[in-house]
Amino acid sequence: MNLETALNYEELSQRMEAILPRPLIAELQGFAMALICATDAKTAQGVWVDYLAQEFVGQLGNEEQQTQFALAMTEIFESAKKGIEQQEANDLLLPAEDEVLSVRAQALSAWCSGFTYAIALVGDATAWQNPEMQDVLNDLIQITQLELE
């Protein structure tokens, strides 16, 4: 992704601070990226919408918050989709490098949690039987278990 179109963690966090905790933004991007990697585009989008409805409907306050949430979720999904399609999935929605390490680690842990959850939800189990893929998944799971102070 180029810098003009890449989502910015800090900007999105500020827009969503009254609605979502900061680490959840990273978790949602991890979830979206895994859906896109593990399924076709139509299935990924359907599972994404179903998941958001199940997890967040009723938790959002007024109409303005609902609109902001819907726009942000569309941005996250479309950004993840574009990154995967253009093979630029290294644009993770995480805090800047100058952020406190514990904040960055918490967001990375949340991202990995979202990714591994989506893979467990929709992933093809046979695809993960490859030893290299198992190593990657195990590493991601270990990151989700970081003990942060």
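How many disulfides does the count come to in this protein? Zero, by the distance rule applied to the cysteine sulfur atoms. Please keep in mind that this is a predicted model. Here are my notes, point by point.

1. **Overall fold.** The protein has six helices and zero strands, so it is no surprise, given how helices and strands are assigned, that the pattern along the sequence is written α-α-α-α-α-α. Buried residues account for 36% of the 149 residues. If you look at contacts with a separation of 6 or more, 74% of them join residues 24 or more positions apart.

2. **Cysteines.** To go with the count of zero disulfides, here are two cysteines and their surroundings. Cys112 is buried, because its relative accessibility is 1% and the cut-off for buried is under 20%. Cys37, on the other hand, has 47% relative accessibility and therefore counts as partly exposed. As a reminder, a disulfide is a covalent bond between the sulfur atoms of two cysteines.

3. **Thr39, in the loop between H2 and H3.** This residue deserves a moment with the viewer open. Thr39 sits in the loop that connects helix H2 (22–38) with H3. Its relative accessibility is 19%, so Thr39 counts as buried, the limit being under 20%. The side chain of Thr39 makes a polar contact with the backbone oxygen of Leu35 at 2.7 Å. The Thr39 side chain also reaches the backbone nitrogen of Ala44, here at 3.3 Å. Once residues up to four places away in sequence are set aside, Thr39 touches Ala44 and Val122.

4. **Val122, in helix H5.** The other side of that last contact is Val122, which belongs to helix H5 (residues 101–122). With 21% relative accessibility, Val122 counts as partly exposed, because buried requires a value under 20%. Leaving out neighbours within four places in sequence, Val122 is in contact with Leu35, Ala38, Thr39 and Val47. For Val122 and Val47, which are 75 residues apart along the chain, the C-alpha atoms are separated by 8.6 Å.

5. **Leu24, in helix H2.** Leu24 is part of helix H2 and counts as buried, because its relative accessibility is 16%. Its C-alpha atom is separated by 8.7 Å from that of Gly114, although the two residues are 90 residues apart along the chain.

6. **Ala80, in helix H4.** Ala80 is found in helix H4. Its relative accessibility of 0% is why Ala80 counts as buried. Between the C-alpha atoms of Ala80 and Leu93, 13 residues apart along the chain, the separation is 9.2 Å.

7. **The second largest pocket.** Finally, a pocket to display. The second largest pocket holds about 210 Å³ of space. It is lined by 14 residues, and those closest to its centre are Trp48, Val49, Leu52, Met73 and Thr74. Helix H3 (41–56) and helix H4 (63–85) each contribute at least two residues to the lining. Sorted by class, the lining of this pocket is made up of eleven nonpolar, two polar and one charged residues.

Terms used: Residues are numbered from 1 along each chain as its sequence is written. This is a predicted model: local features need pLDDT of at least 70, side-chain atom pairs count only at pLDDT 80 or more; totals for chains, interfaces and linings use all residues. Side-chain values use heavy atoms; hydrogens and water are left out. Helices (H or I, at least four residues) and strands (E, at least two) are DSSP runs, numbered from the N terminus. Buried means under 20% relative accessible area, exposed over 50%, partly exposed in between (1.4 Å probe, protein chains only). Contact means heavy atoms within 4.5 Å. A disulfide is a pair of cysteine sulfur atoms within 2.5 Å. On a 1 Å grid over the protein atoms alone, a cavity is a set of points where a 1.4 Å probe fits but cannot get out, and a pocket is an open set with protein on both sides within 12 Å along at least five of seven lines; lining residues have an atom within 4 Å of a point. Grid points are joined across faces, edges and corners, and a volume is the space filled by probe spheres set on the points. Ala, Val, Leu, Ile, Met, Phe, Trp, Tyr, Cys and Pro count as nonpolar, Asp, Glu, Lys and Arg as charged, and the others, Gly among them, as polar. A polar contact is a pair of N or O atoms within 3.5 Å; within protein, one must be able to donate a hydrogen and the other to accept it, and residues adjacent in sequence count only if both atoms are side-chain atoms.
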